[in-house]
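This report describes a predicted model, taking its sheet, its helices and its pockets in turn.

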Amino acid sequence: MDTTLLRRLEVESAAANLMHRYQALVDAKDVEGLGALATDDVELSRVQGDARGREAFKDLYRAFAASDVDVAQHMLTNLLLTPLGGERYQVDATFWVITTHESGGARQVWGRYRNDIVEVDGEWRLAAKRIRVAGVALVPEESLLPRDQNSFGPLPD
């Protein structure tokens, strides 16, 4: 097998795994676990501003962990890997997340990630995390069904 193709497949698999671990850790509000996924000098870019470094990266997720989000469920699709030179790769993806809140209601957020990843001591890490939110929709409490609602049965009146 072509070693270039094999390496590309290895990196694509590692990138997908890194992104899925990232989202699972966000959903779990695991700030330390998220910090372990980033390089020391990770770049963070959002519409709210840019930051650099692992502590600044963790600050974003500390704020999320302190929020009234009760349940978060991220989903990821359309992963695209682009070599940037050397062993740095750009990973583009589309995300959708729904969160429920202790104060009631839910929120849907969708957008795109553009991340750079690098391998550090045999582990893939985020070297840049760019989050571009495309939209946010609020779901009022009265529109949510109870969690024990049978999703296959008829809808309540």
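## Sheet, helices and pockets

In this predicted model, six strands form an open sheet whose order is 2-1-6-5-4-3 and whose pairing is mixed. Its edges are strand 2 (49–52) and strand 3, each of which pairs on one side only, and the twist from one strand to the next averages 15°. Strands of a sheet pair through backbone hydrogen bonds, in either the parallel or the antiparallel sense.

At the strand 2 edge, strand 1 (residues 38–46) pairs with strand 2 in the antiparallel sense over four bridges, and a hairpin of two residues joins strand 1 to strand 2. Within this pairing, L44 has A51 of strand 2 as its bridge partner.

Two helices lie across the sheet strands, and their contacts can be described separately. Helix 1 lies across strand 3, strand 4, strand 5 and strand 6, and it runs at about 160° to strand 3. Helix 3, in turn, lies across strand 1, strand 2, strand 3 and strand 6, running at about 55° to strand 1.

The pockets come next. Rolling a probe the size of a water molecule over the atoms shows where empty space is left. The following table sets out the two pockets by volume and by the classes of their lining residues.

| Pocket | Volume | Nonpolar | Polar | Charged |
|---|---|---|---|---|
| Largest | about 580 Å³ | 15 residues | five residues | four residues |
| Second largest | about 330 Å³ | three residues | seven residues | four residues |

The largest pocket, with about 580 Å³ of space, is lined by 24 residues, of which R46, F64, V97, V109 and V133 are the closest to its centre. Several elements take part in this lining: helix 1 (3–27), helix 3 (54–66), strand 3 (69–85), strand 4 (88–101), strand 5 (106–120) and strand 6 (123–139) each supply at least two residues. Both helix 1, which lies across strand 3, strand 4, strand 5 and strand 6, and helix 3, which lies across strand 1, strand 2, strand 3 and strand 6, are thus among the elements that supply the lining of the largest pocket.

For the second largest pocket, which holds about 330 Å³ of space, the lining comprises 14 residues, and those closest to its centre are T100, L144, L145, P146 and R147. By class, this lining has three nonpolar, seven polar and four charged residues, whereas the lining of the largest pocket has 15 nonpolar, five polar and four charged residues.

Terms used: Residues are numbered from 1 along each chain as its sequence is written. This is a predicted model: local features need pLDDT of at least 70, side-chain atom pairs count only at pLDDT 80 or more; totals for chains, interfaces and linings use all residues. Side-chain values use heavy atoms; hydrogens and water are left out. On a 1 Å grid over the protein atoms alone, a cavity is a set of points where a 1.4 Å probe fits but cannot get out, and a pocket is an open set with protein on both sides within 12 Å along at least five of seven lines; lining residues have an atom within 4 Å of a point. Grid points are joined across faces, edges and corners, and a volume is the space filled by probe spheres set on the points. Ala, Val, Leu, Ile, Met, Phe, Trp, Tyr, Cys and Pro count as nonpolar, Asp, Glu, Lys and Arg as charged, and the others, Gly among them, as polar. Two strands pair if DSSP finds at least two bridges between them. Axes are lines fitted to C-alpha atoms, for helices over the stretch in contact, and angles run from 0 to 180 degrees between N-to-C directions. Contact means heavy atoms within 4.5 Å.
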